[in-house]
Amino acid sequence: MAILNVLEFPDPILKKVCKPVTVFDKNLEVFVEDLKDTILSHNYCVGLAAPQTGSLQRIILIDVSRARKPVPGKNLLVLINPEIIEFSDFKIVREGCLSIPDFTANVKRAMKIKVNYQDIKGENKSLETVDFEAHAIQHELDHLDGILFLDRITSPASDLFRRLQR
Ligand SMILES: [Zn+2]
């Protein structure tokens with residue numbers, strides 16, 4: 001078990017595009033366990049993408065049951081090589097990021113998505129989800145393409161908010 005260091009903006013690694021996972025082996029399992037430990041080490045953390053720990057692989061973890069307002073009936077998701085194939089029901093929502101600890105932002109996200117991905121064994125899966133979980137998946141998936149919420153806001157003056165506490 002290991003808690004990984006989380007990179008913070010403006011670390012240049014956060015701007016890189018990640019590579020697909022092609023080998024589903026013990027090393028991958030160990031790395032995903034480390035990502036889980038890392039999420040658990042941060043209060044209310046609902047998601048983490050591999051590149052935030054310096055590893056440029058297309059892996060994201062989401063757990064909206066850990067939110068400040070937990071979403072009932074949800075558990076940890078491990079999505080490998082995720083791809084969102086349907087987006088609908090767009091809304092402006094507030095989001096934060098472990099890599100940008102001093103700010104939150106208003107960002108436009110789809111409240112309903114369908115995502116294809118592979119599980120830890122490399123099996124193809126599909127998931128339809130809504131609301132906060134859908135929103136969190138879009139945020140984490142952006143990390144795989146080097147996109148931060150700072151890249152999604154239209155106006156820093158009206159869409160960016162300084163956090164009062166970390
Ligand atoms: Zn983030």
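Let's start with one pair of residues: Phe90 has Ala110, in strand S4, as its bridge partner. Before I go on, please keep in mind that this is a predicted model.

That bridge belongs to a longer run of pairing. Strands S3 and S4 are antiparallel, with 12 bridges between them. If you want to follow along on the screen, S3 covers residues 77–95 and S4 covers 103–118.

Now stay with S4 and look at its other partners. Which strand does S4 pair with over seven bridges? That is S5, again in the antiparallel sense. One pair to find there is Lys114, whose bridge partner in S5 is Glu128. S4 and S5 form a hairpin with five residues between the strands, and in it Gly122 has a positive phi near 90°. S4 also meets strand S6, residues 160–162, through three bridges, and these two run antiparallel as well. There, Ala105 is opposite Leu160. While you are looking at strands, a handy thing to remember is that in a regular strand the side chains alternate between the two faces of the sheet.

Next, the helix I'd like you to see: H2, residues 131–144. From first C-alpha to last, its 14 residues reach 21 Å, close to the 20 Å expected at 1.5 Å a residue. After the helix comes Gly146, with a positive phi near 70°.

Is H2 largely enclosed or largely open? It is largely enclosed by the rest of the structure, because 12 of its 14 residues are buried. Among them are Phe132, Ala136, Ile137, Leu141 and Leu144, and also Glu133, His135 and Glu140. What do these buried residues pack against? The strands S1, S2, S3, S4 and S5, together with helix H3 at 149–152. So S4 and S5, the hairpin strands we just met, both turn up again beside the helix.

Let me finish with a single residue, Val64, in the loop between S2 and S3. Why does Val64 count as buried? Because Val64 has 24 C-beta neighbours inside 10 Å, and the cut-off for buried is 20 or more. Beyond its neighbours within four places in sequence, Val64 is in contact with Val46, Val71, Lys74, Phe132, Glu133 and Ala136. You'll recognise Phe132, Glu133 and Ala136 as buried residues of H2. Another buried residue of H2 is Ala134; Val64 and Ala134 are 70 residues apart in sequence, yet 9.8 Å apart in space, C-alpha to C-alpha.

Thanks, everyone!

Technical notes: Residues numbered from 1 in each chain as written. Predicted model: local features only at pLDDT ≥ 70, side-chain atom pairs only at ≥ 80, totals over all residues. Helix = DSSP H or I, 4+ residues; strand = E, 2+ residues; numbered from the N terminus. Expected span 1.5 Å × (residues − 1). Contact = placed C-beta atoms within 7 Å. Pairing = 2+ DSSP bridges.
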